[in-house]
Amino acid sequence: TKEYIMEAKSLGIKFISPSINLSNDIYKIDNGIILPFNLISGINYNTIKMVLENRKDGYIDIYDFLSK
């Protein structure tokens, strides 16, 4: 995987860190490659599923995230 990332970066492809409003459980392409939640150490599938189910319209801020 590291080699693919290095090659993509050399081609000018941007990588976007896991984002509470953009990431999913798989890699996603949208103005770059959006990294999935499962790359974050300690986050399991059930947590990812809960975040995805609760973020229907996105999270406004950290307090909105924590309240859902």
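A residue counts as exposed when its relative accessible area is over 50%, and as buried when that value is under 20%, with partly exposed in between. That yardstick comes back several times below, and it is applied here to a predicted model.

Let's start with the overall picture. The protein chain has three helices and three strands, and reading along the sequence gives the order α-β-β-β-α-α. Put a box around the C-alpha atoms, lined up with the principal axes, and its sides come to roughly 40 × 20 × 15 Å. The chain has 68 residues, and 22% of them count as buried. As for contacts with a separation of 6 or more, 21% are made by residues 24 or more positions apart. The accessible surface adds up to about 5,300 Å², and carbon and sulfur atoms supply 56% of that. Charges come out even in number, with 8 positive and 8 negative, and the mean positions of the two sets are 1 Å apart.

Next comes the end of the chain, where helix α3 covers residues 62–67. Leu 66 is part of this helix, and its relative accessibility is 61%, so Leu 66 counts as exposed because that value is over the 50% cut-off. Leu 66 also joins Ile 62 and Tyr 63 in a nonpolar patch on the surface, and together these residues offer about 390 Å² of accessible area.

Which side chains meet in a salt bridge? They are those of Lys 68 and Asp 64, with a distance of 3.5 Å from N to O. In general, side chains of opposite charge can pair when their charged atoms come close. The structure holds one salt bridge, and its two partners sit in rather unlike surroundings: Lys 68 is partly exposed at 43% relative accessibility, whereas Asp 64 has a relative accessible area of 15% and is therefore buried, being under the 20% cut-off.

The loops have a few things to show as well. Gly 12 belongs to the loop between α1 (2–10) and β1. With 61% relative accessibility, Gly 12 counts as exposed. Its C-alpha atom is separated by 9.3 Å from that of Gly 32, although the two glycines are 20 residues apart along the chain.

Moving on, the loop between β1 (15–16) and β2 is home to Tyr 27. This tyrosine is partly exposed, with a relative accessible area of 45%. Setting aside neighbours within four places in sequence, the contacts of Tyr 27 are Thr 1, Ile 33, Ile 34, Leu 35, Pro 36 and Leu 39. Leu 52 lies 25 residues away from Tyr 27 along the chain, and 14 Å separates their C-alpha atoms.

Finally, there is Asn 31, found in the loop between β2 (28–29) and β3 (33–34). What is the phi of Asn 31? The angle is positive, at about 55°, although Asn 31 is not a glycine. Most residues other than glycine have a negative phi. Asn 31 is also exposed, because its relative accessible area of 65% is over the 50% cut-off.

Terms used: Residues are numbered from 1 along each chain as its sequence is written. This is a predicted model: local features need pLDDT of at least 70, side-chain atom pairs count only at pLDDT 80 or more; totals for chains, interfaces and linings use all residues. Side-chain values use heavy atoms; hydrogens and water are left out. Helices (H or I, at least four residues) and strands (E, at least two) are DSSP runs, numbered from the N terminus. Buried means under 20% relative accessible area, exposed over 50%, partly exposed in between (1.4 Å probe, protein chains only). Contact means heavy atoms within 4.5 Å. Accessible areas come from the Shrake-Rupley method with a 1.4 Å probe; for residues, only the protein chains shown count as cover. Lys and Arg count as positive and Asp and Glu as negative; His and the chain ends are not counted. The place of a charge is taken as NZ of Lys, CZ of Arg, CG of Asp or CD of Glu. Patches are made of residues with over 30% relative accessible area and no salt bridge: like charges are joined within 9 Å, nonpolar side chains (Val, Leu, Ile, Met, Phe, Trp, Tyr) within 5 Å. A salt bridge is a side-chain nitrogen of Lys or Arg within 4 Å of a carboxyl oxygen of Asp or Glu.
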